[in-house]
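Reader: I would like to learn how aromatic pairs, burial and backbone angles are read from a model. Please take me through one case.

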Amino acid sequence: MATKCYNIAVLLTCYNRKEKTLNCLKSLFETFLPDNVQIEVFLVDDGSLDGTGSAVKKRFPLVNIIQGDGNLFWSKGMNLAWQKATETLYYDFYLWLNDDVILFKESIINLLNDVQKTGSNESILVGVCQSATGKITYSGYKNLKKKIKLIPNGDIQKCDYFNGNLVLIPSCVFAKVGFLDPMFHHGKGDFDYGLRAKESGVNSYISSQYLGVCEVHDELPVWCNPKYPLKKRIKSFKSPLGGNPRLTFIIQRKYLGLIPATFHYVTIHLRLVCPSLWKK
């Protein structure tokens, strides 16, 4: 009997991070793939001014580059890449990949092995990332209210929601859950996707081990950093990359209820005005 072949569409979006994007793609194309697995990459270049798109095309000519207008940010950029993939071919899996992730050589093999541990191809697998020093950075979480980050222990673990840095989504899950909610411009879209999937009866698991390196930014965001003046904090707060109070309220009201959502909506504004009251 012939071995089934699997096609994976790898989805990325980028903006003005040429070197990081190139390094990420380099690590992707250097991963070990089983003989029955093929990947195709869809990259949204959201109006980069640093030549990211042309550099990618020159170094990795097989990458499908989709041009954005500079207003897509993460969630909408990923949706555009996803849409183009669905218009191109039927894929067995879709792999979300942040352009600042450096994949380990066996990351995709380990992800696919972890899929088999779930007993079917009907669950989401979240690839856990670490810092260069080995500290956990991005993963899946239990309990939206307490935000318990899960640490790999050698076996898959069920999570409620997740960071979108490295996520493998089977086609049957996509058929049930769909795209990222277009309401979320930048952040929160990955959290919402995991929670929506759970409500749809789809299980999500973190990988049994670390699959790549992705650093976190140690500095506080501008909107809640007391070293910046209030005017600059407010500008950052209102941007898609800022505190997103309205979207935070929406997602918390949807999954936690009105009272917790309202409480956090008030406190996030207090933190904007008096950031020194919070510890880093």
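Author: The dialogue below takes up ring pairs, then a glycine, then two backbone angles. This is a predicted model, in which local features need pLDDT of at least 70, side-chain atom pairs count only at pLDDT 80 or more, and totals for chains, interfaces and linings use all residues. Residues are numbered from 1 along each chain as its sequence is written, and side-chain values use heavy atoms, with hydrogens and water left out.

Reader: How is an aromatic pair defined, and how many are found in the whole structure?

Author: Rings of Phe, Tyr and Trp (its six-membered ring) pair if their centres lie within 6.5 Å; planes under 30 degrees apart count as stacked, over 60 as edge-to-face and the rest as tilted. Here the search finds 18 aromatic pairs. In one of them, Trp 82 and Trp 96, the ring centres are 5.9 Å apart and the planes stand at 80 degrees, so the pair is edge-to-face.

Reader: Which parts does the pair of Trp 82 and Trp 96 tie together?

Author: Helices (H or I, at least four residues) and strands (E, at least two) are DSSP runs, numbered from the N terminus. Trp 82 lies in helix H3 (residues 73-88) and Trp 96 in strand S4 (residues 93-97), so the pair ties together parts that are 14 residues apart in sequence. Trp 82 also forms an edge-to-face pair with Phe 179, at 5.6 Å centre to centre and 80 degrees between the planes. Because Phe 179 is in the loop between H5 and H6, that pair joins parts 97 residues apart in sequence. Ring pairs link these residues into a cluster that also includes Trp 74, Phe 174 and Tyr 193.

Reader: Are Trp 82 and Phe 179 buried or exposed?

Author: Buried means under 20% relative accessible area, exposed over 50%, and partly exposed in between (1.4 Å probe, protein chains only). Trp 82 is buried at 0%, while Phe 179 is partly exposed at 33%.

Reader: What is Gly 178 in contact with, leaving aside its neighbours within four places in sequence?

Author: Contact means heavy atoms within 4.5 Å. With those neighbours set aside, Gly 178 touches Trp 82, Val 173 and Tyr 193. Gly 178 is in the loop between helix H5 (171-177) and helix H6 (189-199), and is buried at 16%.

Reader: Which phi value does Asn 16 have?

Author: Asn 16 has a positive phi of about 55 degrees although it is not a glycine. Its place is the loop between strand S1 (6-14) and helix H1 (18-29). Lys 147, likewise not a glycine, has a positive phi of about 55 degrees, and lies in the loop between strand S8 (140-142) and strand S9 (148-149).
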